[in-house]
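Colleague: I should be grateful for a close look at one part of this model. Please take the backbone and its surroundings in turn.

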Amino acid sequence: MEIATETKSETIVLKGRKVVAGRAEGEALVTSETISGWGGINERTGTVIERRHEMRGVSFAGKILVFPGAKGSSGWSAYFHMTRLNGVQPAAMIFTRMTTKIALGAVVTRVPAITELDQDPLTVIETGDWVVVDADAGTVTVTKKRS
């Protein structure tokens with residue numbers, strides 16, 4: 001006789017500061033490395049193309065992008081803006097380092113964005129976790145992926 005066992009998913013709620021309003025949910029894509037816009041992403045596919053980046057060849061389109069922030073020139077925001085125009089932008093952005101570059105990039109990408117969380121999202125959230133970003137409420141709800 002087989003006995004069914006129920007596995008509960010762990011849920012974690014982080015509190016932070018809204019950068020861009022809105023709510024989005026989806027699968028997390030996490031990198032500990034900053035992302036370069038100009039020369040670092042393909043704005044037609046939403047794919048990281050930076051040669052030495054740990055996510056090279058991975059698309060962030062439709063994902064909850066969790067990353068430290070932007071690096072490179074002021075062209076960063078233009079390339080992320082182009083991902084929006086091409087329909088391959090992330091569903092939301094969670095980042096740890098607030099700069100004018102990342103702030104402008106988040107605004108022109110027009111996706112919910114949040115920063116200054118009460119826990120480090122780069123250690124709490126893992127690629128594949130289900131994440132709900134409610135920037136208006138200042139919350140990030142993480143449902144850990146099942147192993």
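Is Arg 110 buried or exposed, and what is its relative accessibility?

Modeller: The model is a predicted one, and the description below should be read accordingly. Arg 110 counts as exposed because its relative accessibility is 61%, and the cut-off for that class is over 50%. Arg 110 sits in the loop that runs between helix H2 (100-109) and strand S10 (113-115). Its backbone deserves attention: Arg 110 is not a glycine, yet its phi is positive, at about 60 degrees. Most residues other than glycine have a negative phi.

A second residue with a positive phi follows on the other side of S10. Glu 116 lies in the loop between S10 and helix H3 (121-124). Its phi is near 50 degrees, again a positive value in a residue other than glycine. Glu 116 is partly exposed, because its relative accessible area is 48% and that class lies between 20% and 50%.

A positive phi also occurs at a glycine, in the turn of a hairpin. Strands S11 and S12 form this hairpin with four residues between them, and Gly 138 in the turn has a positive phi of about 75 degrees. The two strands, S11 (residues 130-134) and S12, pair in the antiparallel sense over five bridges. Val 131 has Val 142 in S12 as its bridge partner.

The pairing extends from both strands of the hairpin. S12 (residues 139-143) also pairs with strand S1 (residues 11-15), in the antiparallel sense and over five bridges. Here Val 142 in S12 is the bridge partner of Ile 12. Val 142 is thus a bridge partner both of Ile 12 and of Val 131. S11, in turn, pairs with strand S3 (residues 23-30), antiparallel and over five bridges. In that pairing, Ala 24 stands opposite Val 133 in S11.

A loop residue elsewhere offers a contrast in exposure. His 53 belongs to the loop between strand S6 (47-48) and strand S7 (64-67). His 53 counts as buried because its relative accessibility is 5%, where the class requires a value under 20%. A polar atom of the His 53 side chain lies 3.1 Å from the backbone oxygen of Thr 34. Leaving aside residues up to four places away in sequence, His 53 touches Thr 31, Glu 33, Thr 34, Ile 35 and Val 48. Thr 34 therefore appears both among the residues that His 53 touches and, through its backbone oxygen, at 3.1 Å from the side chain, a distance within the 3.5 Å limit for a polar contact.

Notes. Residues are numbered from 1 along each chain as its sequence is written. This is a predicted model: local features need pLDDT of at least 70, side-chain atom pairs count only at pLDDT 80 or more; totals for chains, interfaces and linings use all residues. Side-chain values use heavy atoms; hydrogens and water are left out. Buried means under 20% relative accessible area, exposed over 50%, partly exposed in between (1.4 Å probe, protein chains only). A polar contact is a pair of N or O atoms within 3.5 Å; within protein, one must be able to donate a hydrogen and the other to accept it, and residues adjacent in sequence count only if both atoms are side-chain atoms. Contact means heavy atoms within 4.5 Å. Two strands pair if DSSP finds at least two bridges between them.
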